[in-house]
Amino acid sequence: MLKLFNTPHRRIEEFAPVAGNSVSLYTCGPTVYNHLTVGNWVAYIRWDTMVRTLQANSYDVTRVMNITDVGHLVSDADEGEDKMIKGARREGMSMYDIAQRYTDSFFEGMHTLNLLVPDHITKATEYIPEQIELITRLEQKGCTYVIEDG
């Protein structure tokens, strides 16, 4: 029996998948504007540990991870300069080339650390229409807010 700490409920609970023995897991991926730091890699090691723990407990795990290869502000407070533009300027390359360089670097790092590659990897730029549609639906439900620049 696998037990996990449920942060919102602040207690240890038995893990139970939503559907049978299958677990769908979405994890954030890197914003590919520079090499990852040791601190960044800790998150990927934790997610890898989670997947391996689920698999060791006989769960069928499907993991999806995104690659943020388009605009991302330098601040988590949604302010400041765009990380991708800043990286492109720093290296004298296009944003596409920066994204590709550091996506490749990320997967080389995953290989070096012997981390499991997710089953599905999605790039933000491949889902822009879907993101706009989702934001529109959230707006219609009153779940969004507007800031000065957008």
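**Exercise 1. Is Val146 buried or exposed in this predicted model?**

*Solution.* Start by finding the residue: Val146 sits in the segment that follows α4 (128–140). Next, look at its relative accessible area, which is 70%. The cut-off for exposed is over 50%, so Val146 counts as exposed. To finish, pick a second residue for scale: Arg90 is 56 residues away from Val146 in sequence, and their C-alpha atoms are 31 Å apart in space.

**Exercise 2. Find out how far helix α1 reaches, and on which side its buried residues lie.**

*Solution.* Let's take this one in steps.

1. Helix α1 covers residues 38–56, which makes 19 residues.
2. From first C-alpha to last, α1 reaches 26 Å, close to the 27 Å expected at 1.5 Å a residue.
3. Now list the buried residues of α1: Trp41, Tyr44, Asp48, Val51 and Leu54.
4. These buried residues span an arc of only 145 degrees around the axis, so they lie on the same side of α1.
5. Here is a handy rule: an α-helix has 3.6 residues a turn, so residues three or four places apart point the same way.
6. Turn to the face of α1 directed away from the buried side, and you meet the exposed residues Val38, Gly39, Arg46 and Ala56.
7. What covers the buried residues? The cover includes β3 (22–27), β4 (60–67) and α3 (95–112).

**Exercise 3. Describe the backbone phi angle and the surroundings of Arg10, Asn114 and Ser58.**

*Solution.* Take the residues one by one.

1. Arg10 is not a glycine, yet its phi is positive, at about 55 degrees. Its place is the loop between β1 (3–6) and β2 (11–14). With 65% relative accessibility, Arg10 counts as exposed.
2. Asn114 is not a glycine either, and its phi is positive at about 60 degrees. You can find Asn114 in the loop between α3 and β5 (120–123). Its relative accessible area is 57%, so Asn114 is exposed.
3. Ser58 comes just after α1 and has a positive phi of about 65 degrees.

**Exercise 4. What lines the largest pocket, and how much space lies in it?**

*Solution.* First, the idea: rolling a probe the size of a water molecule over the atoms shows where empty space is left. The largest pocket holds about 470 Å³ of space. Its lining is made of 13 residues, and those nearest the centre are Gln131, Ile132, Leu134, Ile135 and Leu138. Finally, sort the lining by type: eight residues are nonpolar, three are polar and two are charged.

Notes: Residues are numbered from 1 along each chain as its sequence is written. This is a predicted model: local features need pLDDT of at least 70, side-chain atom pairs count only at pLDDT 80 or more; totals for chains, interfaces and linings use all residues. Side-chain values use heavy atoms; hydrogens and water are left out. Helices (H or I, at least four residues) and strands (E, at least two) are DSSP runs, numbered from the N terminus. The expected span of a helix is 1.5 Å times one less than its number of residues. Buried means under 20% relative accessible area, exposed over 50%, partly exposed in between (1.4 Å probe, protein chains only). The arc is that of the directions from the helix axis to the C-beta atoms. Contact means heavy atoms within 4.5 Å. On a 1 Å grid over the protein atoms alone, a cavity is a set of points where a 1.4 Å probe fits but cannot get out, and a pocket is an open set with protein on both sides within 12 Å along at least five of seven lines; lining residues have an atom within 4 Å of a point. Grid points are joined across faces, edges and corners, and a volume is the space filled by probe spheres set on the points. Ala, Val, Leu, Ile, Met, Phe, Trp, Tyr, Cys and Pro count as nonpolar, Asp, Glu, Lys and Arg as charged, and the others, Gly among them, as polar.
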